[in-house]
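Please look over the sequence and the structure below before reading the briefing, which moves from one helix to others and then to the chain as a whole.

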Amino acid sequence: MARSGLAGAARVARWADAALGPGRDSATDDGKATLSDATAERAARDLGLTAAQVRADWDTARLAGLVEVHGDSARPGWRLRAWNRDDSAVLRGWVALFDAWSLAHPEPARHEPAAVAEVVSAMPQALSFLQLSAGPVPVEQLLDLLEQRVTELRTARCEIPYGPQPEPQAEPEHTDAPLAPLLDWALRALASVGALTYGDGQATLTPLGSWAVWVKLEQICVAAQSPAGNIEQAAEDMLRGCAQLRPNAARAEYRAWLAARPVGSAVTELLDAARGEDALLRGLAFEALRVVGAPAEPDVRGALDEPTLRPYALLWLAEHDGADPEDAHEVLTREEATWLWVDTAAAVADHGEAPLLVRHLESAVQPTVPRLLDEVRAVGHPRTVQVLVALAAAHPDPALAKAVRRAAFQVHTGGG
């Protein structure tokens with residue numbers, strides 16, 4: 001249902017990718033990836049549509065994240081790239097459109113912006129009522145519910161100023177007149193994105209709309225049940241709070257933290273935490289990004305240019321593309337694998353116990369300790385000396401510990 005509802009938007013997004021992308025000879029005359037009159041007419045000719053249909057599908061594509069405009073070019077969003085292979089990408093695109101319902105249909109003229117904002121804020125409660133009703137609901141009943149919710153919002157905003165107060169005056173009663181046309185607009189807008197059907201004085205959620213409302217309610221419940229209480233923390237503090245949790249408990253905490261914030265800002269926060277000096281947080285940040293999934297792909301791919309993040313990003317992308325986690329390391333070069341070994345050893349040295357650092361030797365790609373030490377010295381990780389000193393102190397074999405200490409001294413002094 002979501003795929004068919006967004007089919008027109010996907011078609012226009014693909015056309016924009018082919019015709020308006022950077023460096024293409026067929027770019028518009030004004031050099032912009034916006035739908036000017038000339039662009040809309042050209043798309044209409046190419047696709048066999050009217051210009052009005054093209055504009056409507058273009059607006060839907062942008063709201064659903066199927067196309068992104070960057071300066072003078074348009075490029076496909078990650079949802080369009082995953083369109084044919086990932087049903088969840090299609091559903092996420094529709095949910096983005098559902099979230100933007102108030103932008104999908106022009107609001108009534110001559111209404112105060114504050115009143116429009118109140119109705120937008122009140123509609124989630126009306127949608128929840130529709131979902132619980134599991135059938136047609138008379139518009140009059142929805143209007144009563146809307147008036148009650150708007151009254152609550154107005155009361156919650158009421159502030160009593162300091163100083164002498166004027167004599168109280170009778171407050172004019174709210175009538176159906178101001179809110180009825182706004183409710184009509186809201187229901188029409190939600191119908192235009194496929195969330196409900198509206199007509200004959202009643203509204204009914206579509207199966208897709210009912211599913212979306214259920215998902216939103218579930219996200220609220222997940223956010224409210226943050227198991228370790230880190231939901232309001234910044235990413236770095238949240239990750240530190242998850243460091244001692246078992247993997248399943250940590251993933252539950254990541255999900256709760258992510259449900260409470262926009263995905264874009266959450267991904268940015270996690271990558272910023274990964275750029276810090278604490279290697280443990282770097283690994284945990286990418287574990288949290290695995291919970292984010294496909295929406296994080298563009299930002300993770302952008303991290304490939306950062307040496308500190310590149311090995312983690314390569315593994316994340318390999319697993320995202322379907323590689324078995326046990327085989328994902330094969331995408332790393334020898335140098336990248338060695339750098340990652342040192343970074344992980346730094347996390348163990350800072351936060352783990354000595355036996356864990358000794359066992360970490362077994363995960364090295366090098367077949368012998370001398371080969372490992374040679375390549376560790378060459379890779380240039382900033383924590384190399386500290387890692388080797390900690391490993392020498394922890395290892396029970398005196399001869400091996402001596403060789404590791406010698407390697408640490410050579411790195412420290414710049415010797416060969």
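What span should the 14 residues of helix α15 (residues 279-292) have at 1.5 Å a residue, and how far apart are its end C-alpha atoms? In this predicted model, the expected span of α15 is 20 Å, and the end C-alpha atoms are 20 Å apart, so the two values agree.

**Helix α15 and its ends**
- At the start of α15, aspartate 278 places a side-chain oxygen within 3.0 Å of the backbone nitrogen of leucine 280.
- The buried residues in α15 include Leu281, Arg282, Leu284, Phe286, Leu289 and Val292.
- Following α15 comes glycine 293, which has a positive phi, near 80°.

**Helix α6**
- Helix α6 (residues 87-99) has 13 residues, which at 1.5 Å a residue should span 18 Å, and because its end C-alpha atoms lie 18 Å apart, the expectation is met.
- Among the buried residues of α6 are Val90, Trp94, Val95, Leu97 and Phe98.

**Glutamine 410**
- Glutamine 410 belongs to helix α22 (residues 398-413), and its relative accessibility is 18%, under the 20% cut-off, so glutamine 410 counts as buried.
- The side chain of glutamine 410 makes a polar contact of 3.2 Å with the side chain of arginine 377.

**The protein chain overall**
- The secondary structure of the protein chain consists of 22 helices and five strands, and 43% of its 416 residues are buried.
- Of the contacts in the protein chain between residues at least 6 apart in sequence, 63% join residues at least 24 apart.
- About 22,200 Å² of the protein chain is exposed, with 53% of this area supplied by carbon and sulfur atoms.

Conventions. Residues numbered from 1 in each chain as written. Predicted model: local features only at pLDDT ≥ 70, side-chain atom pairs only at ≥ 80, totals over all residues. Heavy atoms only, no water. Helix = DSSP H or I, 4+ residues; strand = E, 2+ residues; numbered from the N terminus. Buried < 20%, exposed > 50% of the residue type's maximum accessible area, 1.4 Å probe, protein only. Polar contact = N/O pair within 3.5 Å; in protein donor to acceptor, adjacent residues only side chain to side chain. Expected span 1.5 Å × (residues − 1). Contact = heavy atoms within 4.5 Å. Areas by Shrake-Rupley, 256 points an atom, 1.4 Å probe, with all protein chains shown as cover.
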